[in-house]
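Hi,

Here is the structure I promised to pass on. Have a look at it first, and then read my notes below.

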Amino acid sequence: MWPIVWLVLGLVLVAAETLSGDFVLVMLGIGALGAAGAGALGANPLISAVVFAVLSVAMVLGIRPVVKRRFHAGTITQTNTDALVGADAVAITEVTNEDGRVKIRGDVWSARSLESEVIKPGADVTVVEISGATAVVIAKS
């Protein structure tokens with residue numbers, strides 16, 4: 001009977017993981033399935049509980065961080081000024097290394113060129129940095 005209890009617990013935990021998405025319940029579910037396997041091979045309930053504990057701890061501490069990094073890699077969305085770096089823009093006025101105006105995604109920003117280049121109005125530029133409220137840009141080649 002104990003193997004069936006461990007099996008049901010394991011399946012419930014794995015299914016419950018779909019609600020949390022934190023990869024803890026699935027690790028505990030795998031531990032419970034391991035305990036069900038030990039019980040099915042004839043281990044007594046105490047040995048099954050030890051298998052559950054060891055397997056669950058090993059999964060949570062060893063496998064979970066790797067899986068979590070893998071699934072969440074690249075999901076950080078850049079916002080605010082960070083999202084503007086690399087954006088295309090158009091010079092509205094002449095842009096020097098001291099002053100100028102560019103239009104980035106429909107908004108007008110104060111701008112300066114990255115180096116001592118002078119960018120003519122209407123030129124396509126790329127934002128390389130946001131410094132305070134000023135876009136630092138370079139002319140597109």
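A word on naming before anything else: helices (H or I, at least four residues) and strands (E, at least two) are DSSP runs, numbered from the N terminus. With that in hand, arginine 64 can be placed in helix H3. Please also keep in mind that this is a predicted model.

**Arginine 64 and phenylalanine 23**

Let me stay with arginine 64 for a moment. Is it buried or exposed? Its relative accessibility is 17%, and buried means under 20%, so arginine 64 counts as buried. Leaving aside residues up to four places away in sequence, arginine 64 touches Asp22, Phe23, Val24, Met27 and Met59.

One of those partners, Phe23, deserves its own look. Phenylalanine 23 sits in the loop between H1 and helix H2 (25–40). Phenylalanine 23 is not a glycine, yet its phi is positive, at about 65°. With a relative accessibility of 14%, phenylalanine 23 counts as buried.

**How H2 meets H3**

Two packed helices are described by the angle between their axes and the distance between the axes. Here the axes of H2 and H3 come within 8 Å and cross at roughly 145°. The crossing in which H2 passes H3 is right-handed. On the H2 side the contact is made by Met27, Leu28, Ile30, Gly31, Ala32, Gly34, Ala35, Ala38 and Gly39. H3 brings Ser48, Val51, Phe52, Leu55, Ser56, Met59, Val60, Ile63, Arg64 and Val67. Sorted by type, the residues of this contact are 13 nonpolar, five polar and one charged.

Alanine 35, found in helix H2, is a good residue to click on. At 0% relative accessibility, alanine 35 counts as buried. Beyond residues up to four places away in sequence, alanine 35 touches Trp6, Ser48, Val51 and Phe52.

The linker is another matter: glycine 42 is found in the loop between H2 and H3. Glycine 42 has a relative accessible area of 61%, so it is exposed. From the C-alpha atom of glycine 42 to that of leucine 9 is 18 Å, and the two are 33 residues apart along the chain.

**The aromatic pair**

How many aromatic pairs did the count give? The count comes to one aromatic pair. The rings of tryptophan 6 and phenylalanine 52 have centres 5.0 Å apart and planes at 35°, so the pair is tilted. This pair links distant parts of the chain, with tryptophan 6 in helix H1 (residues 2–20) and phenylalanine 52 in helix H3 (residues 45–72), 46 residues apart. Tryptophan 6 counts as buried, at 11% relative accessibility.

Isoleucine 4 is also found in helix H1, but with 58% relative accessibility isoleucine 4 counts as exposed.

**The strands**

Now for the strands. The largest nonpolar core has 15 residues, and Val95, Val102, Ile104, Trp109, Val127, Ala135 and Val137 touch the most other members. Strand E1 (88–91), E2, E3, E4 and strand E5 (134–139) are the elements that give two or more residues to this core. E4 supplies the largest share, three residues.

Take valine 137 from that list. Not counting residues up to four places away in sequence, valine 137 touches Val95, Arg112, Ser113, Leu114, Glu117, Ile119, Val125, Thr126, Val127 and Val128. Thr126 is in that set, and threonine 126 is found in strand E4 (residues 124–131). At a relative accessible area of 18%, threonine 126 is buried. With the same sequence neighbours left out, threonine 126 touches Gly86, Ala87, Asp88, Val136, Val137, Ile138 and Lys140.

Which residue in the loop between strand E2 (101–104) and strand E3 (107–113) should you look at? Arginine 105 lies there. Arginine 105 has a positive phi of about 50° although it is not a glycine. Arginine 105 counts as exposed, with 58% relative accessibility.

**Distances between helices and strands**

Two C-alpha distances to finish with. Alanine 35 and aspartate 107 are separated by 60 Å, at 72 residues apart along the chain. Isoleucine 4 and serine 131 are 63 Å apart in space and 127 residues apart in sequence.

Cheers

How values were computed
Residues numbered from 1 in each chain as written. Predicted model: local features only at pLDDT ≥ 70, side-chain atom pairs only at ≥ 80, totals over all residues. Heavy atoms only, no water. Phe/Tyr/Trp six-rings, centres within 6.5 Å; stacked < 30°, edge-to-face > 60°. Buried < 20%, exposed > 50% of the residue type's maximum accessible area, 1.4 Å probe, protein only. Contact = heavy atoms within 4.5 Å. Core = buried A, V, L, I, M, F, W, Y, C linked by side-chain atoms within 4.5 Å. Axes fitted to C-alpha atoms, helices over the stretch in contact; angles between N-to-C directions. Left-handed = near helix turned anticlockwise from the far one by under 90°. Nonpolar A, V, L, I, M, F, W, Y, C, P; charged D, E, K, R; others polar.
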